[in-house]
Amino acid sequence: MNEKLEILIVEDDAALCRELSELIRDSDDLVFIAATNAADKAVEYIKDTLPDAVILDLELHQGKGSGLNVLHDIHTLSLSKKPYILVTTNNSSVRTYETARALGADYIMPKHQGDYSSQNVLDFLRIMRPTIKGSYTSSPGMTNTTETPEQYSKRIYRRIMTELNHVGISPKFVGYAYLADAIYLMAQQPTQNICTILADKHKKSESSIERAMQNAIHRAWRTQELSVLLEHYQANIDTEKGSPTLTEFICHYANIIKNEY
């Protein structure tokens, strides 16, 4: 069993979301799945990635919907693995709390508590980890310890795409899908013929595949803020080149994925 706790963040406060994400990424026992402030996107992530836990903000004023919408929608789904739902909220309504619990919230942590912090949120999930992980094998009739190949692939691709988005490689870039495929394939089985494999899959020439991927990397390093790049891409880069080579970039993220999964 993978003892690392895979966490999805649904949070409307951008600063708090960033802080939670950074703390998770810097930890050895937690895995950052994705972050969103939109209810429909959160449900999509839950269906596709089957996280162990969801940190769910009830108020999504800057995004779309609300945390209650998320709870309602996943309550109606037949998930092979139900995530642990840790609700965080500025709301103090008893009736709202009762509704959240009825819809499946496992614990409610008020943000107005004096000791509320991102670190305490994650420490709470660490305490709960044995119970969260244990529930996947102890609950009658549940098959949470397994997932279909399609679910697995979607979960890994979501993780890869989150990393690409962090460094400014947009889905609009021609090389975006090629890079996601390359990282996924390299994490499964290292090969020196990645462009050949991708060319066959996408029915393009090897040179066009390679050029599109390298251009996507170069464009991100030209346009993204340096502080953001240093935060999210932590491998060494040749200062004379200014950006990672294609091989360095793919191998860096393939190793991250391989170590996590």
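**Exercise 1. Helix H7 against helix H11**

Work out which orientation class describes H7 and H11 relative to each other.

*Solution.* Bear in mind throughout that the model is predicted.

Step 1. Begin with the geometry: helix H7, residues 176-188, packs against helix H11, residues 246-260, at an angle of about 55 degrees, and their axes are 8 Å apart.

Step 2. Angles under 35 degrees count as roughly parallel and those from 65 to 115 as roughly perpendicular, with the rest, apart from angles over 145, being oblique; H7 and H11 are therefore oblique to each other.

Step 3. As for handedness, H7 passes H11 in a right-handed crossing.

Step 4. On the H7 side the contact is made by Leu179, Ala182, Ile183, Met186 and Ala187, while H11 contributes Leu246, Phe249, Ile250, Tyr253, Ala254, Ile257 and Lys258.

Step 5. Sorted by class, the contact of H7 with H11 comprises 11 nonpolar residues, no polar residues and 1 charged residue.

**Exercise 2. Two further partners of H7**

Determine how H7 is oriented to H9 and how H7 is oriented to H8, and give the residue classes in the contact with H9 and in the contact with H8.

*Solution.*

Step 1. For H9, the packing angle with H7 is about 100 degrees and the axes are 8 Å apart; H7 and H9 are therefore roughly perpendicular to each other.

Step 2. Tyr178, Leu179 and Ala182 of H7 make this contact with Ile209, Ala212, Met213, Ala216 and Ile217 of H9, and the residues of the contact divide into 8 nonpolar, no polar and no charged.

Step 3. For helix H8, residues 194-202, the axes of H7 and H8 come within 10 Å and cross at roughly 125 degrees; H7 and H8 are therefore oblique to each other, and their crossing is right-handed.

Step 4. In this contact Tyr178, Asp181, Ala182, Leu185 and Met186 of H7 meet Ile194, Ile197, Leu198, Lys201 and His202 of H8, which by class gives 7 nonpolar, 1 polar and 2 charged residues.

**Exercise 3. The ring pairs of Trp221**

Find which residues are linked with Trp221 into a cluster by ring pairs, and state why the pair of Trp221 and Phe249 has its class.

*Solution.*

Step 1. The structure holds 7 aromatic pairs. One of them joins Trp221 and Tyr233, with 5.3 Å from centre to centre and 90 degrees between the planes, an edge-to-face arrangement.

Step 2. This pair links distant parts of the chain, since Trp221 is in helix H9 (residues 206-223) and Tyr233 is in the loop between helix H10 (226-232) and H11, 12 residues apart. Both Trp221 and Tyr233 are buried.

Step 3. For Trp221 and Phe249, the ring centres are 6.2 Å apart and the planes are at 85 degrees, so this pair is edge-to-face, given that planes over 60 degrees apart fall into that class.

Step 4. Trp221 in helix H9 and Phe249 in helix H11 are 28 residues apart, so that this pair too links distant parts of the chain, and Phe249, like Trp221, is buried.

Step 5. Taken together, ring pairs link Trp221, Tyr233, Phe249 and Tyr253 into a cluster.

**Exercise 4. Two positive phi values**

For Leu50 and Lys203, decide whether each residue is buried or exposed, and give the phi of Leu50 and of Lys203.

*Solution.*

Step 1. As background, most residues other than glycine have a negative phi.

Step 2. Leu50, in the loop between H2 and S3, has a phi near 45 degrees, a positive value in a residue other than glycine. Its relative accessible area is 3%, so Leu50 is buried.

Step 3. Lys203, found in the loop between H8 and H9, has a positive phi of about 60 degrees although it is not a glycine. Its relative accessibility is 67%, so Lys203 counts as exposed.

**Exercise 5. Burial and distant neighbours**

Establish why Thr88 and Pro51 count as buried, and find which residues are in contact with Thr88 when neighbours within four places in sequence are left aside.

*Solution.*

Step 1. Thr88 is found in strand S4, residues 84-89, and it counts as buried because its relative accessibility is 0%, where the cut-off is under 20%.

Step 2. With neighbours within four places in sequence left aside, Thr88 is in contact with Glu11, Ile55, Leu56, Asp57, Leu58, Met109, Lys111, Tyr116 and Val121.

Step 3. Pro51 lies in the loop between helix H2 (39-49) and strand S3 (53-57), and at 0% relative accessibility Pro51 therefore counts as buried.

Step 4. The C-alpha atoms of Pro51 and Ile7 are separated by 5.7 Å, although the two residues are 44 residues apart along the chain.

Key
Residues numbered from 1 in each chain as written. Predicted model: local features only at pLDDT ≥ 70, side-chain atom pairs only at ≥ 80, totals over all residues. Heavy atoms only, no water. Axes fitted to C-alpha atoms, helices over the stretch in contact; angles between N-to-C directions. Helix = DSSP H or I, 4+ residues; strand = E, 2+ residues; numbered from the N terminus. Left-handed = near helix turned anticlockwise from the far one by under 90°. Contact = heavy atoms within 4.5 Å. Nonpolar A, V, L, I, M, F, W, Y, C, P; charged D, E, K, R; others polar. Phe/Tyr/Trp six-rings, centres within 6.5 Å; stacked < 30°, edge-to-face > 60°. Buried < 20%, exposed > 50% of the residue type's maximum accessible area, 1.4 Å probe, protein only.
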